[in-house]
Each structure stands twice: as structure tokens, then as C-alpha cells.
Amino acid sequence: MKVAGAAGIAGLAGCTGSGGGSSDGTVTFWTPFAGGDGEAMKALVTQFNEEHDSIQIERQRQPFDEYYDKLFTSMTGSNAPDLAVFHTTEIQRFSDALQPLGGLLSDGTADAYVDSIWQETEFDGNRLALPLDTHPNGLYYNKDIFKEAGLDPESPPTTFEELKTAADTITAETDKQAFNPDPYLRFFVRQFIAWQHGRGGKFLTADNTEAAFGGADGVALAEFYHDIANEWDWDEVDATADRGTKAFRSGDLAMTINGTWYFGVLQQQDYDWGMTKPFVAPGQSEPQTWANSHTLGVPNTGQKQEAAAEAAEWLTQNSLLWGTDAGHLPAAQDVLDSSELRSATVWEKTLSTFSEMAQNGELSYMPSTENNENYKRPVNQAIAQIYSGQLDPEEGIKQAATDVTNNLQG
């Protein structure tokens, strides 16, 4: 599988119910989406069902934290849905159980999507999914807290030096938390990989068989995560899951790193907020941020492959609501270029910036391996302990690198 990185994305403007495939005119569709994403996908499915008579989509949400394990079990058994959501970086794990779509797609489908995103859904010569979006990380900030601290709310930090000045000022002049690099405090690996690339380093070796982040760049970033709370007092010394997003949503945290989906959440808040490029890690010489893509794939055991493929085409090519309501950057070229999207609030607030980063080749996708937990879990656990002061940064990140290599080679 192609792994999208800075160069691969340059052409772009890039979580229950009963399972099982259907045997009538209904396509069962598994998604991991909740919150704003869930509402936007619900609206898209409703629109599809209203416009189609012979095919109806039955949307079934699975819990995000269990999604891929439940999907893997269903697809390797006999109870797979007809259609399902896959992150680009998870496709390799499911490649043997996905139906190649080449013979099921309409003429001209390849031209309907941004080419760089389209290319990322091909594996070993087979088209295994259709791209819905690209969803990168940005730096979100509370303009009201900036004003309280005497900072210019229209000039968010764009470098580490500017981040440190702003965060130190907020810490000194307000009673708010200044900065949290992962508001969920359980997905540290995402931005760690991007910032590692931004320092000129590598996360894994080219063949994805060994960790490559145990050297000076990885140690420097580990020390950054440690110092945020333990030395600079920008945040609490606490890696409890979701603590950061609760603080940001309640107006108690000034800055955080999060993805496109946060637009819908923040539109419901009663304070003024902004978003900018998150190139604020120490020693970051190249602008890089984390990104991934949602795609739609058809299990190869399903009874409704043609109907599922038709539904996937429609959902991915009529995705305006996925941009305006969920806040993601659509992969369909016509939607991305549409006046409806370009004139929407989301374009001004976030998507224009995300689009610019993608156009400039500044997105880093995580590696796609047979089981991404082999590298995600050790890094997330190590940085969580480093962040909360329970583990020495150098010792912790080096041990994580050793664990990743052992997992990948085990």
C-alpha cells in the first residue's frame, strides 16, 4: 500500500448495532462516527435514502475504540456489513477481506477525486476503497484567553519560539492552562510522527520493520512533551483520557492540537476561537502535521457488492455536508472546488488553512502495517507516562522504540 506523506499529498487541495450483510435492497453500513461526524454522516445517509428507491442504506455506528477489532472479526467471519468506513492507514490490515472495486465502479470514477487521495486507496494494483476526505491536525486556540493575557488574538504562534512566548504569557497572566498537544491524551503518536518528520527524522525504517525514532530527534520531542507540564506549567501533570478536550471546550485551555472534526464541536461553544498551522515543535525545520483519510470499502463476503459500491460512490462524491458540517476536507474534486464549500463558514475558519497545508505537501500520514497497534500502543503509552512525569523522557522513548521494533518483527 502506498503510504501518504508530504509528497504523496501534494496534489490535494487529507468512529452498535447488529452486524451482517443484508439480503434485500438494504445496504448495511458500519461507521465509527459520533458527535458532529455522526450527525453529518446521518444527514448524508438520509439524503441518499431520499434520492434512491432501489437501494437504502442502514447506518450502524460501532464504538470508536472497538471499531476495527469488531470489523476485523466480522469480516474474517461470516457477518460482515455490506459497506464500511476504513481509515487509509488501516486498509492493509483488511486487504484480503476487501472486494476490489475496479469492475463495480462507474465510468470516470477515477477522475472524480483529488488524484493524490485517490492513489492512496490502491493496494497491490487493486482499488480497495473510495476516499471520502482528508482530515489533518491544526492548532486551535481560544481568542478570549489570548485577549485576557494581553496577546494579539489574530496572531497565534507559528513556531516553537512563538508558542513558548504565548504559553508563558498565558501561564503568568491568567489562571488558564496554556497548551496541550493532544487533548484526548491517548493519541500522542499522531503528532509525534509528524513532528518527527518535521525535524528531518524518520518514525519507522523504509520497510516498516524497525523503529527509527529512538535517536536525538525522538528524545528531543519526548523532552518537549515532558516539559509542557512538568517544567513550564503550561498544563496539568495529568494524562487522564479526554481531560484536555474537556478543558478546551469549557474555556479553560488556551491552545491544543486537534483535527478537522473539531470545527463542529467548537461551533457550539460561546467563546471566540481560531485555528492555525501546528508547526510549533522545537527544532521543526520542515512544516509537517498529522493527517489521515476516511474511505469506504466493500467486504468481499457481502451479498450486495454492486449496491454497496453505488452507495459508496454517491456518499463520497456528494460530500458537501461532510465538509460544511463535519469540517473535513472533501476528497471529491467537485465538492472541494464548489462555491458552496468555499463560501461556507468552515472554509474561512479552518478548511482554507487545511487545504493550504495539503496543497503545500505538509501532511504526514502514519505508516500502514498489518497491525498499526504494534507501533501506536507503545508510543502512546510511553508519551502518556512521560507527559504525566512518571517516566524519564529519554529512557521512555528509547524503550518505546525497542518495543515497536520487537512488535513489528515478532
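Let me start with strand β7, residues 133-142, which pairs with strand β10 in the antiparallel sense over four bridges, where pairing requires that DSSP finds at least two bridges between two strands, and where strands (E, at least two residues) and helices (H or I, at least four) are DSSP runs numbered from the N terminus. Within that pair, Tyr141 has Gly274 of β10 as its bridge partner. Strand β10 covers residues 273-276, with Trp273 and Met275 pointing one way and Gly274 and Thr276 the other way, and all of them are buried; buried means under 20% relative accessible area, exposed means over 50%, and partly exposed lies in between, with a 1.4 Å probe and protein chains only.

Before going on, I should say that this is a predicted model, in which local features need pLDDT of at least 70 and side-chain atom pairs count only at pLDDT 80 or more, while totals for chains, interfaces and linings use all residues. Residues are numbered from 1 along each chain as its sequence is written, and side-chain values use heavy atoms, with hydrogens and water left out.

Now to the open sheet of five strands, whose order is β2-β1-β3-β12-β6 and whose pairing is mixed. Its edge strands, each pairing on one side only, are β2 (56-61) and β6 (130-131). Further in, β3 (residues 83-87) and β12 (residues 294-297) run antiparallel and are joined by four bridges, and His87 has His294 in β12 as its bridge partner. Helix α1, residues 35-51, packs on this sheet, touching β1 (26-31) and β2, and its direction makes about 165° with that of β2; contact here means heavy atoms within 4.5 Å, and the angles, which run from 0 to 180 degrees between N-to-C directions, use axes fitted to C-alpha atoms, for helices over the stretch in contact.

Turning to helix packing, the axes of α7 (residues 216-230) and α15 (residues 373-387) come within 8 Å and cross at roughly 35°. On the α7 side the residues include Tyr225 and Ile228, and on the α15 side they include Ile383 and Tyr387. By class, this contact has seven nonpolar, two polar and no charged residues, with Ala, Val, Leu, Ile, Met, Phe, Trp, Tyr, Cys and Pro counted as nonpolar, Asp, Glu, Lys and Arg as charged, and the others, Gly among them, as polar.

After α7 comes a loop that leads to α8 (243-249), and Asp233 is placed in it. Phi of Asp233 is near 60°, a positive value in a residue other than glycine, and Asp233 counts as exposed because its relative accessibility is 52%. Asp242 is also in the loop between α7 and α8, with a positive phi near 70°, but it counts as partly exposed, because its relative accessibility is 23%. As background, most residues other than glycine have a negative phi.

Finally, which residues does Gly259 touch, not counting residues up to four places away in sequence? They are Pro136, Asn137, Tyr140 and Phe354. Gly259 is found in strand β9, and it counts as buried because its relative accessibility is 0%. The C-alpha atoms of Gly259 and Gln99 are separated by 30 Å, with their positions 160 residues apart along the chain. Leu104, by contrast, lies in the loop between β3 and α3 (115-119), and at 22% relative accessibility it therefore counts as partly exposed.
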